[in-house]
Structure formats: C-alpha cells, structure tokens
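Let's take a walk through a protein model together. Keep the picture open while you read, and look up each spot as we get to it.

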Amino acid sequence: MGSQAVGQTAEGEAIRVFLVDDQQMVRAGFRMLVDSQPDMVVVGEAGDGGEALAQLAVTATDVVLMDVRMPRMDGVEATRRLLATPDAPRVIVLTTFDLDEYAFAAIRAGASAFLLKDATPPELLGAIRSVQAGDAVVAPSTTRRLLDHFATLPEPGAVDEPGDRTDDGRLSDLTEREVEVLGLIACGLSNNEIASHLVVAETTVKTHVGRLLAKTASRDRVQLVVLAYETGLVTP
C-alpha cells in the first residue's frame, strides 16, 4: 500500500480503520481522532452499508467503525455481508442508542464490539486496539450491558422450550477445561485473570482460547461470549 510512514507503529503497519456513517460530520470527527494516533490510519469512509461493501471489497482494512442506522443498507446487513467474505476485517458497531436491538443483531452477525457514539476518545481508541489485538478483554462496558440484556432472549418468532439453550450440541466437542475457560471469558475475565483463577500459565489460557475459537468457529471473544449466553452456560 505504498509508504507506511503515516500512522505506522514501531512493531509494524498501522491499524487500518474504515469509517461507515451516514453523517459526514461524524465521520470527520472520527477521522481526526483516529488519524491523530501514531498506530492508526483511516483508509476510507462510506455513507451507507452498500457503499461501504463496495469500497471494502477493494480496500485493505483491519477494523471497521460501523454505524447501525443508515439509509439504503443499514449496519446490521452490511456487517452480515461483510463478515461472510474471506479475510473480513473486524467490526465495531456504533450507535446513539444504548441497549439497541439493532446493535445486538449486528453482534449476532459477527461484529466484535459495540460502542455508543458518545464514548470518550480513549474508549473508542481502546476498543479499536482491543478488537485488533483479538485476545483482549471482551468489551467496553456497553457491549457487556448489551449482551446481558439481549443474549438470552430467543430469536424473533422462536419458541424457547426448557433445555433448548443448553442442549443444542454446540459445546459437545469442548473439553471440561475448555467449557470452564469459556465460562470465565463470558464473565469478562482477561487471559491473565483466567490464568490466576485456574492457577495455570497465561500461555496455557491462550492455547485454550485458540482451541475454543477454532472448535466453535468463532471470530473473536465477543462471539464466544454470545455462544456462552445462547447455550445457557452463563446467564445475566
């Protein structure tokens, strides 16, 4: 991608961020904030989901800041389509509405985090870095509240019979220790905290997390948390 001087970190290339929001002033604010960081660079922006998909198909990107409510194609559908593509970037869903069902639908579609647009600059920048790192703690607190509020509710139109959420077989391939680690991840513990709780090395925890991601076909820790809630392993 040409010169990497702008936004490049000492460890390598900058985190490439793509902005999707129907309000140009909001995008401009995010661009100024992200581009002010030495380890980040904005690589593109779009005003709706359809435009975003077209540009992201030809723009190398690590993290997408995705508005939920947009004309023509909203952030939920755009997230779903984007994450169905090979080597898709990670998505952080942005909304002005706390506990927004649209945002949770995007989390179900594979988004890695949820943030309110009035989050502080350190919260937004921290979320971008955490999502890019992959092994960071699950969330800004808003993501946890969203999961707590919605994750155990049935899908629209579904009938939830006793035992349905704990007997669907999605955890059947996991070892007892992997199930234990999954439960601790869902409670918001970091790798270091899980290691202390289980009295094992942090590298051992990272191995368990890697196996959990592979066995459950989850993209990241947020999807693991959703899985833990949906199967009834943990409840709010």
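Is D87 buried or exposed? With a relative accessible area of 79%, D87 is exposed, because that value is over the 50% cut-off. You'll find D87 in the loop between α3 and β4 (90-95). There's something else to spot here: the phi of D87 is near 50°, which is positive even though the residue isn't glycine. Most residues other than glycine have a negative phi.

A second residue tells a similar story. R72 has a phi near 70°, again a positive value in a residue other than glycine. R72 belongs to the loop between β3 and α3 (75-82). Its relative accessible area is 73%, so R72 counts as exposed.

Before going further, a word about trust. What you're looking at is a predicted model. Across the protein chain the pLDDT, the predictor's confidence, averages 80, and 79% of the residues score at least 70. Two stretches deserve some caution. Over residues 1-10 the pLDDT is below 50, and this stretch has 16 contacts in the model beyond near neighbours in sequence. Residues 154-167 also have a pLDDT below 50, with 14 contacts of that kind. Where pLDDT is low, the predicted coordinates should not be read in detail.

Now let's look at V63, which is part of strand β3 (residues 63-67). Its relative accessibility is 0%, and since anything under 20% counts as buried, V63 is buried. What does V63 touch, leaving out residues up to four places away in sequence? The list is I15, R16, V17, F18, P89, R90, I92, I128, V131 and Q132. Try finding R129 as well: it sits 66 residues from V63 along the chain, yet the C-alpha atoms of the two are separated by 9.1 Å.

Next come the helices, and how they pack. Start with helix α1 (residues 24-35) and helix α5 (residues 121-133), which meet at an angle of about 70° with their axes 11 Å apart. Angles from 65 to 115 degrees count as roughly perpendicular, so that label fits α1 and α5. On the α1 side, the contact uses F30, L33 and V34, while α5 brings P121, L124, L125 and I128. What kinds of residues are these? Seven are nonpolar, with no polar and no charged ones. You've already met I128 of α5, since I128 is also one of the residues that V63 touches.

Further along the chain, helix α8 (residues 191-198) packs on α9 at an angle of about 110°, with 8 Å between the axes. These two helices are therefore roughly perpendicular too, and the crossing is right-handed. N191, N192, I194 and A195 of α8 make the contact with E202, V205, K206 and V209 of α9. This contact is a mixture: four nonpolar residues, two polar and two charged.

Helix α9 (residues 202-216) has another partner, helix α10 (residues 221-230). Here the angle is about 70° and the axes are 10 Å apart, so α9 and α10 are roughly perpendicular to each other. This crossing is left-handed. α9 contributes V209, L212, L213 and T216, and α10 contributes R221, L224 and L227. Of the residues in this contact, five are nonpolar, one is polar and one is charged. Did you catch V209? V209 of α9 is in the contact with α8 and also in the contact with α10.

Methods. Residues are numbered from 1 along each chain as its sequence is written. This is a predicted model: local features need pLDDT of at least 70, side-chain atom pairs count only at pLDDT 80 or more; totals for chains, interfaces and linings use all residues. Side-chain values use heavy atoms; hydrogens and water are left out. Axes are lines fitted to C-alpha atoms, for helices over the stretch in contact, and angles run from 0 to 180 degrees between N-to-C directions. Helices (H or I, at least four residues) and strands (E, at least two) are DSSP runs, numbered from the N terminus. Angles under 35 degrees count as roughly parallel, over 145 as roughly antiparallel, 65 to 115 as roughly perpendicular and the rest as oblique. Contact means heavy atoms within 4.5 Å. Ala, Val, Leu, Ile, Met, Phe, Trp, Tyr, Cys and Pro count as nonpolar, Asp, Glu, Lys and Arg as charged, and the others, Gly among them, as polar. pLDDT is the predictor's confidence in each residue, from 0 to 100. A crossing is left-handed if the near helix is turned anticlockwise from the far one by less than a right angle, and right-handed if clockwise. Buried means under 20% relative accessible area, exposed over 50%, partly exposed in between (1.4 Å probe, protein chains only).
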